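Please look over the sequence and the model below before reading on. The report that follows is written for a reader who is new to protein structure.

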Amino acid sequence: MSTRITAVDVHDVRFPTAAAGDGSDAINRGDYSASYVELRTDDGPTGAGFTFTNGRGNEITCAAIEALAHHVRGRTVAEIAAEPVAFWRSLTADVQLRWLGPEKGVIHMAAGALVNAVWDLRAKLAGKPMWRYLAELSTDELVANIDFHHITDALTPDEAAGILDKGLVGAAERLAVLEQDGFPSYTTSVGWLGYPDDKVRALTREAYAQGWRAMKMKVGGPPADDLRRARIIRAEIGPDALLMMDANQVWDVDEAITNMTALAEVDPYWIEEPTHADDILGHARIARAVTASTDGRCRVATGEVAANRVIFKQLLQAEAIGVMQIDACRVAGVNEVLAEILLAAKFGVPVCPHAGGVGLCEYVQHLAIFDYLRVGTSMDGRMVEYVDHLHEHFVDPVRTRGGRYLLPTAPGYSATMRPESIARFRFPDGPVWR
């Protein structure tokens, strides 16, 4: 891997999704966008990575990637792989830019775009899809890629190594299950908050016919509307399918408890982001309340905007979540995600990655498969989110069958966008935006 990164190209790519209500929830209604980065090399493939945004502001994450690019440009892949934590810290602890975080927000997301592009390049050079590349790394190599700073009170390197070593047992058998059946999923495409009732009903019916047995709806509008829409979905999917809910942080703690007490009627499997993403103790109080009001059938889920591994550590230590929703590009890339997956395993909490958006499904399928093969080793309570939007813009799009993800086979992290899509949707000069 003496391949050298010679150039870092950054593209502001935006898709006009707001007009149709796609992706709409209690807080957000945007044009799904990606700050997309390409790592050009002297004698190898191009590494691709991105971070996801909601439209306006995408130019800010692009600028942050440009500001961090000098830490990547000119380096060989071998140099980075030899000292992965030092490389990761060069981005996340830049002596001037870290002040803008620290380790959160625009700077952290920009670091993640670059880190993920490096991992995409590493997997392409190895000729393996990312999930396989990660799963076949030795325990020592995986541990060496994790920055344990600020999390050793919850997970030590030795504990991480023990979990990964244990995950080697039965990995071949678990891979055979994936090759035959795929990985469990749920769909969010049926219940965006901006959809009228008739569309919700039709999309739910269609999704059920296609094999989905777990579906998520957005809540956080007027409580009566939330309950009416939930009843529509429950009536279409019957009592045995799973119905998840997502409030996108719109409620106060007491409001969340009150609203979920009413929504318990339709037997929700989880309530996602019931309050502010940083409110660890608020999530813990809501978790205790929904457990009591549903006889333990509903749990609290969060993580799509959890800023870093330290926030996840606290959520787990406080017993605030029953489902951990890692996001591939909210945090600083694969290295930090490895820490988070291992933290979840240590605390016995299932990981159900957040997806949707632009390319998030493409990313997180690899992470969930790696988790199953080497860390969590179980499908119990595990699902990957699926949204049927924008996959056509990727060279290696996700594939599903009967409500399950099929194994990616192409080398890399499935992050490479089609050049024609970049050209058409590049902001502000692409033809879609003129």
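The text below takes up a sheet, two helices and several salt bridges in turn.

**The sheet and the helix across it**

In this predicted model, three strands form an open sheet in the order β1-β2-β3, and their pairing is antiparallel. The edge strands are β1, which covers residues 5-14, and β3, which covers residues 47-53, and each of these pairs on one side only. From one strand to the next, the twist averages 15 degrees. Strand β2, made of residues 33-41, pairs with β3 in the antiparallel sense over seven bridges, and L39 has G47 in β3 as its bridge partner. Helix α1 lies across β1, β2 and β3, and runs at about 175 degrees to β1.

**A mostly covered helix**

Helix α3, which spans residues 84-92, is mostly covered, since seven of its nine residues are buried. These buried residues are P84, V85, F87, W88, S90, L91 and T92, and they pack against several other helices, among them α1 (58-68), α4 (105-126) and α14 (333-347).

**A residue in helix α12**

T291 is found in helix α12, which is made of residues 280-293. It counts as partly exposed because its relative accessible area is 38%, which lies between the 20% limit for buried and the 50% limit for exposed. If its neighbours within four places in sequence are left aside, T291 is in contact with G296 and C298.

**Salt bridges**

Side chains of opposite charge can pair when their charged atoms come close. A search of the whole structure finds 25 salt bridges, and the table lists some of them with their N to O distances.

| Salt bridge | Distance (N to O) |
|---|---|
| R14 and D12 | 2.9 Å |
| R201 and D198 | 3.3 Å |
| D429 and R426 | 3.6 Å |

Are the partners in these pairs buried or exposed? R14 counts as buried at 5% relative accessibility, and D12 is buried as well, with a relative accessible area of 10%. R201 counts as partly exposed at 30% relative accessibility, whereas D198 is exposed, with a relative accessible area of 60%. Because R201 and D198 are three residues apart in helix α9, which covers residues 197-209, they are separated by about one helical turn. In the remaining pair of the table, D429 is partly exposed with a relative accessible area of 39%, and R426 is partly exposed with a relative accessible area of 27%.

Salt bridges can also be joined together, and here K216, K218, D246, E272 and E385 are linked in a network of them.

How values were computed
Residues are numbered from 1 along each chain as its sequence is written. This is a predicted model: local features need pLDDT of at least 70, side-chain atom pairs count only at pLDDT 80 or more; totals for chains, interfaces and linings use all residues. Side-chain values use heavy atoms; hydrogens and water are left out. Buried means under 20% relative accessible area, exposed over 50%, partly exposed in between (1.4 Å probe, protein chains only). Helices (H or I, at least four residues) and strands (E, at least two) are DSSP runs, numbered from the N terminus. Contact means heavy atoms within 4.5 Å. Two strands pair if DSSP finds at least two bridges between them. Axes are lines fitted to C-alpha atoms, for helices over the stretch in contact, and angles run from 0 to 180 degrees between N-to-C directions. A salt bridge is a side-chain nitrogen of Lys or Arg within 4 Å of a carboxyl oxygen of Asp or Glu.
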